[in-house]
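Trainee: I have a model open and I want to learn how to read it. Where do we begin?

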Amino acid sequence: MAQSSVIVWMIVLAFISAEVSAFAKLIDRPLGEKVGITLNKIPESLHDSEAKTVANELSETQVISVNDELAIVSQLLDRVPLIDGHNDLPHVIRLLAESRLANFNLTDLSDKTPWSSDPTSHTDIVRLRKGKVGAQFWVAYTNCKTQHNDSPQKALEQIDLIYRFIDLYSDTFQLATTAQEIEDVFGTGKIASLIGVEGGHAMGNSLSILRIFYRLGVRYMTLTHSCPTPWADNSQLDNPGQEPIHDGLSGFGEVVVQEMNRLGMMVDISHVSVATMEDVLNVSKAPVIFSHSGAFSVCNHTRNVPDHILRRLANNGGIIMVAFYNEFLSCGKSANIKDVIRHIEHIRNLIGADHIGLGGDFNGVDRVPTDLDDVSKYPNIFVELLRLGWSETDLEKLAGTNMLRVMRRVEEVKQELAFTEPIEEWIPIEDLRPEHKLCLTDYV
């Protein structure tokens with residue numbers, strides 16, 4: 001009997017050894033799966049009760065292992081702000097609550113109508129805290145239907161909404177406009193809140209409005225959205241059968257980039273065509289960003305970034321913040337966290353860990369990956385990368401130190417251009433088509 005027990009335990013130890021040697025393959029398992037041996041991997045020759053005892057003991061070890069990984073990630077995100085580059089919560093508040101903050105409580109929307117049933121509702125304070133978000137770029141988005149109409153007004157309304165919910169929930173949020181302010185706010189335990197404008201049409205072809213945006217705290221502008229502007233081509237023009245309008249930036253588009261450099265506003269080239277990416281990288285004196293994009297080599301969607309542009313981005317000192325929209329991740333309607341990891345890994349392998357961030361696009365999309373279904377799930381990404389052997393230093397870069405570096409360099413370029421006068425150029429009238437002029441007056 002004693003000899004039989006020895007044999008049994010020798011078999012169990014052999015299986016444990018095999019599992020340890022296979023540790024490097026853990027990334028192929030779902031995040032929720034426990035690490036180590038499961039019951040169906042124990043030899044059938046073991047007595048049922050002995051097998052159950054062994055499995056239970058190993059299960060306790062497995063839970064500790066997963067919890068240890070989460071503890072490492074939690075500690076990391078306690079010392080470095082997790083900065084997300086793109087969240088469309090203000091847009092969803094406009095759609096679901098008519099921008100009336102009195103109509104709901106942002107603390108917890110997970111079981112509140114209509115938020116809980118809307119596929120674009122991913123954000124509330126409880127989930128932001130659970131996700132360890134340290135800083136968020138809130139997006140003032142205006143639909144392309146507003147272009148050449150009331151886009152500046154709509155953008156200002158969205159900026160006002162962002163200010164209002166920051167003020168209403170001031171125990172959670174605080175406005176930040178610089179890298180240092182992000183770190184200062186993070187140090188108080190609040191979520192640093194920044195503003196980005198999505199869609200260059202929001203500035204109404206006016207550098208004056210661009211400058212007003214900056215004074216109101218806007219720290220990046222996405223040059224286009226799902227429509228081109230009269231001065232920049234968007235990504236849809238790279239689709240088969242489409243023709244470029246400007247073949248990148250027009251002359252006035254180059255001026256827009258130059259004025260953004262002078263102001264200290266980051267140039268966001270998510271949503272733009274490849275030719276526009278090239279032109280921006282030729283013109284900009286400051287690092288540029290992709291606030292919510294992916295790698296074209298992983299998913300050949302025109303919203304993603306080709307390798308040759310990623311290499312130029314690294315030379316520019318900029319950052320690509322990986323989005324979580326299924327169509328950009330897997331080129332299909334379904335995706336999981338592994339797809340996000342593939343994009344991140346491809347970018348790191350191509351240009352290094354210094355140029356990657358996260359720009360989930362939560363509240364701006366209706367299909368997000370398994371295990372990343374709302375803002376509470378950011379730590380899952382870091383656990384997966386930890387299992388792949390990422391160092392804590394590289395994880396800190398992904399979380400926020402890369403974006404802090406980019407912002408500081410943009411601020412330095414602003415100082416270098418401090419004695420440059422504001423650009424007082426108007427968009428050439430010939431750049432505007434007849435349909436662009438319908439809402440214009442002859443007031444000079």
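Trainee: Let me start with a proline. Is Pro 287 buried or exposed?

Mentor: Remember that this is a predicted model. Buried means under 20% relative accessible area. Pro 287 has 5% relative accessibility, so Pro 287 counts as buried.

Trainee: Where does Pro 287 sit along the chain?

Mentor: Look in the loop between helix 9 (274-283) and strand 7. Then compare sequence with space. Pro 287 and Arg 405 are 118 residues apart in sequence. Their C-alpha atoms are 9.6 Å apart in space.

Trainee: Next, disulfides. How many does a search of the whole structure find?

Mentor: A disulfide is called when two cysteine sulfur atoms lie within 2.5 Å. The search finds two. One is formed by Cys 144 and Cys 227, with sulfur atoms 2.1 Å apart. Another joins Cys 299 to Cys 331, with an S to S distance of 2.0 Å.

Trainee: What is the pairing, if I number the bonded cysteines in sequence order?

Mentor: The pairing is 1-2, 3-4.

Trainee: Which parts does the pair Cys 144 and Cys 227 tie together?

Mentor: Find the loop of each partner. Cys 144 lies between strand 2 (133-141) and helix 5 (151-168), and Cys 227 lies between strand 5 (218-222) and helix 8 (251-263), so the pair ties together parts that are 83 residues apart in sequence. Both of these cysteines, Cys 144 and Cys 227, are buried.

Trainee: And which parts does the pair Cys 299 and Cys 331 tie together?

Mentor: Cys 299 is in the loop between strand 7 (289-293) and helix 10 (307-316). Cys 331 is in the loop between helix 11 (326-329) and helix 12 (337-351). So this pair ties together parts that are 32 residues apart in sequence.

Trainee: Are Cys 299 and Cys 331 buried or exposed?

Mentor: Take them one by one. Cys 299 is buried, with a relative accessible area of 1%. Cys 331 has 41% relative accessibility and counts as partly exposed. Cys 439 is also partly exposed, with a relative accessible area of 46%.

Trainee: Why is the disulfide of Cys 144 and Cys 227 left-handed?

Mentor: Read the torsion about the S-S bond. For Cys 144 and Cys 227 the torsion is about -85°, so the disulfide is left-handed. For Cys 299 and Cys 331 the torsion is about 110°, so that disulfide is right-handed.

Trainee: Now a helix. How do I read helix 14?

Mentor: Start with the general idea. An α-helix has 3.6 residues a turn, so residues three or four places apart point the same way. Now the case here. Helix 14 covers residues 392-416, which is 25 residues. From first C-alpha to last, helix 14 reaches 33 Å, close to the 36 Å expected at 1.5 Å a residue.

Trainee: Where does helix 14 bend?

Mentor: At Leu 398, by about 65°.

Trainee: Last topic: pockets. What volume does the largest pocket have?

Mentor: About 700 Å³. It has 23 lining residues, and the closest to its centre are Gly 204, Trp 426, Ile 427, Leu 432 and Leu 440. By class, the lining has twelve nonpolar, ten polar and one charged residues.

Trainee: What about the second largest pocket?

Mentor: Its volume is about 360 Å³. Of its 24 lining residues, the closest to the centre are His 225, His 271, Asp 361, Gly 364 and Val 365. The classes are six nonpolar, 14 polar and four charged. Helix 3 (residues 89-97) gives the largest share of this lining, three residues.

Definitions and conventions
Residues are numbered from 1 along each chain as its sequence is written. This is a predicted model: local features need pLDDT of at least 70, side-chain atom pairs count only at pLDDT 80 or more; totals for chains, interfaces and linings use all residues. Side-chain values use heavy atoms; hydrogens and water are left out. Helices (H or I, at least four residues) and strands (E, at least two) are DSSP runs, numbered from the N terminus. The expected span of a helix is 1.5 Å times one less than its number of residues. The bend at a residue is the angle between axes fitted to the seven residues ending there and the seven starting there. On a 1 Å grid over the protein atoms alone, a cavity is a set of points where a 1.4 Å probe fits but cannot get out, and a pocket is an open set with protein on both sides within 12 Å along at least five of seven lines; lining residues have an atom within 4 Å of a point. Grid points are joined across faces, edges and corners, and a volume is the space filled by probe spheres set on the points. Ala, Val, Leu, Ile, Met, Phe, Trp, Tyr, Cys and Pro count as nonpolar, Asp, Glu, Lys and Arg as charged, and the others, Gly among them, as polar. Buried means under 20% relative accessible area, exposed over 50%, partly exposed in between (1.4 Å probe, protein chains only).
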